[in-house]
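Student: I've got a new model open and would like to talk it through with you. Can we go bit by bit?
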Amino acid sequence: MAEQILQVLLHKQPIGTLTLLAGDHTLFAFDERYINDLKRPTLSLSFKASTGGLLTDVKPSRTRLPPFFANLLPEGPLRIYLAKRAGVNDRREFFLLRVLGRDLPGAITVRRRDDGFIPRQTDEKVRATHDSLPNSLHFSLAGVQLKFSAVIEATGGLTIPAEGSGGSWIVKLPSTSFASVPENEFAMMRLAETVGMNVPEIKLLPISDLSGLPDDIQGMEGRAIAIKRFDRDEKGSAVHMEDFAQVFCI
């Protein structure tokens, strides 16, 4: 198998690479420029040594990505759905991240190192496959149920943007495994707000009010919850973030 490399960017600046090696092993390495920059932005606390320095000795992982990157990917039904649409195995996370790296949580983006998000291929059949990937594949927000970046329309309704990146809202559709997940999350957010916690703006709305959903899930019924993204500022710029699973390499 030929070596494949993905470029990792933080705040649109290259900071490292993910390389797929023989045996389906993936190796993450920081760029020398990032290592030598004493004012470098933090990618993850999991890469910080107890002395405050940068941990650069990252062991290769097999099939799955290193924990920080694995936790950028969606879980459960959304992962299976998007992997199927992309024609990749949902357990082979390198290929899933290659397809979904445009719209990730926080200020991370991932792309092919050679020329961005669509690989250069001499095989026209292979290239045509990549060129025809559905726009919905650009939505990649980690979570258990279906989520899509969304922008709010002037009419107050929510729509799914064509490219899926830069949206200021997350629309979370009902779970196929558990009833009333959006309603439960809406209730918990309102409870948190009532006791004085800071919560983002939220809306509970019928799925029929959403436009731009992929054709094969447009028949879904019920309600969705829309949450204003806290990893985007008022100008739409990415705000970097990580969760505790990433911090503790779980």
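Student: Let's start with a strand pair. In β7, which residue is the bridge partner of I152?
Tutor: That's L158, sitting in β7 across from I152. Keep in mind that this is a predicted model.

Student: OK. How many bridges join β6 to β7, and which way do they run?
Tutor: There are 2 bridges between β6 and β7 (residues 158–159), and the strands run antiparallel. They form a hairpin with 5 residues between them. In the turn, G156 has a positive phi of about 100°.

Student: And β6 with β8, how many bridges there?
Tutor: β6 (residues 147–152) and β8 (residues 169–172) pair over 4 bridges, in the antiparallel sense. For instance, S149 has I170 in β8 as its bridge partner.

Student: β8 ends at a lysine. What does K172 meet in a salt bridge?
Tutor: E185, with 2.7 Å from N to O between the side chains. E185 is in helix α6 and K172 in strand β8, so this pair ties together parts that are 13 residues apart in sequence.

Student: Is K172 buried or exposed?
Tutor: K172 is buried, at a relative accessible area of 8%. E185 counts as partly exposed, at 21% relative accessibility.

Student: While we're on α6, where is L191, and which residues make the nonpolar patch with it?
Tutor: L191 belongs to helix α6, which covers residues 181–194. Its patch partners are M188, V195 and M197, and the nonpolar surface patch comes to about 420 Å².

Student: Switching topic: what's the strand order in the open sheet of 5 strands?
Tutor: The order is β4-β3-β2-β1-β5, with antiparallel pairing. β4 (61–62) and β5 (108–112) are at the edges with a single partner strand each, so one side of each has no neighbour in the sheet.

Student: How many bridges join β1 to β2?
Tutor: 7 bridges, with β1 covering residues 4–10 and β2 residues 13–21. L10 stands opposite Q13 of β2.

Student: Q4 is in β1, right at the beginning. What does its side chain make a polar contact with?
Tutor: The side chain of R98, at 2.7 Å. Q4 counts as buried, because its relative accessibility is 17% and the cut-off for buried is under 20%. Leaving out residues up to four places away in sequence, Q4 touches L18, T19, L20, F94, F95, R98 and R112.

Student: And H25 over in β3, which residues does it touch?
Tutor: H25 is in β3, which runs over residues 25–30. Not counting residues up to four places away in sequence, H25 touches T19, L20, P60, S61 and R62. H25 and P60 are 35 residues apart in sequence, yet 6.0 Å apart C-alpha to C-alpha.

Student: Does the H25 side chain have a polar partner, and if so what lies 3.2 Å from it?
Tutor: The backbone oxygen of G23 lies 3.2 Å from a polar atom of the H25 side chain. H25 itself counts as partly exposed, with 29% relative accessibility.

Student: Back to charges. How many salt bridges does a search of the whole structure find?
Tutor: 12 salt bridges. One of them joins the side chains of D231 and R229, at 2.9 Å from N to O. Salt bridges with shared partners join D103, R229, D231 and R232 into one network.

Student: Are D231 and R229 buried or exposed?
Tutor: D231 counts as buried at 4% relative accessibility. R229 counts as buried too, also at 4%.

Student: Where is D231, and what does it contact?
Tutor: D231 is in the loop between β11 (223–228) and α7 (244–247). Setting aside its neighbours within four places in sequence, D231 is in contact with L104, P105, G106, S237, A238, V239 and M241. The backbone nitrogen of G106 is 2.9 Å from a polar atom of the D231 side chain.

Student: What about K228, which residue does it meet in a salt bridge?
Tutor: E234, at 3.8 Å from N to O. K228 is partly exposed at 29% relative accessible area, while E234 counts as exposed at 72%.

Student: Last one, the whole chain. How many helices and strands?
Tutor: 7 helices and 11 strands. The chain has 250 residues, and 42% of them count as buried.

Conventions:
Residues are numbered from 1 along each chain as its sequence is written. This is a predicted model: local features need pLDDT of at least 70, side-chain atom pairs count only at pLDDT 80 or more; totals for chains, interfaces and linings use all residues. Side-chain values use heavy atoms; hydrogens and water are left out. A polar contact is a pair of N or O atoms within 3.5 Å; within protein, one must be able to donate a hydrogen and the other to accept it, and residues adjacent in sequence count only if both atoms are side-chain atoms. Contact means heavy atoms within 4.5 Å. Buried means under 20% relative accessible area, exposed over 50%, partly exposed in between (1.4 Å probe, protein chains only). Patches are made of residues with over 30% relative accessible area and no salt bridge: like charges are joined within 9 Å, nonpolar side chains (Val, Leu, Ile, Met, Phe, Trp, Tyr) within 5 Å. Accessible areas come from the Shrake-Rupley method with a 1.4 Å probe; for residues, only the protein chains shown count as cover. A salt bridge is a side-chain nitrogen of Lys or Arg within 4 Å of a carboxyl oxygen of Asp or Glu. Two strands pair if DSSP finds at least two bridges between them.
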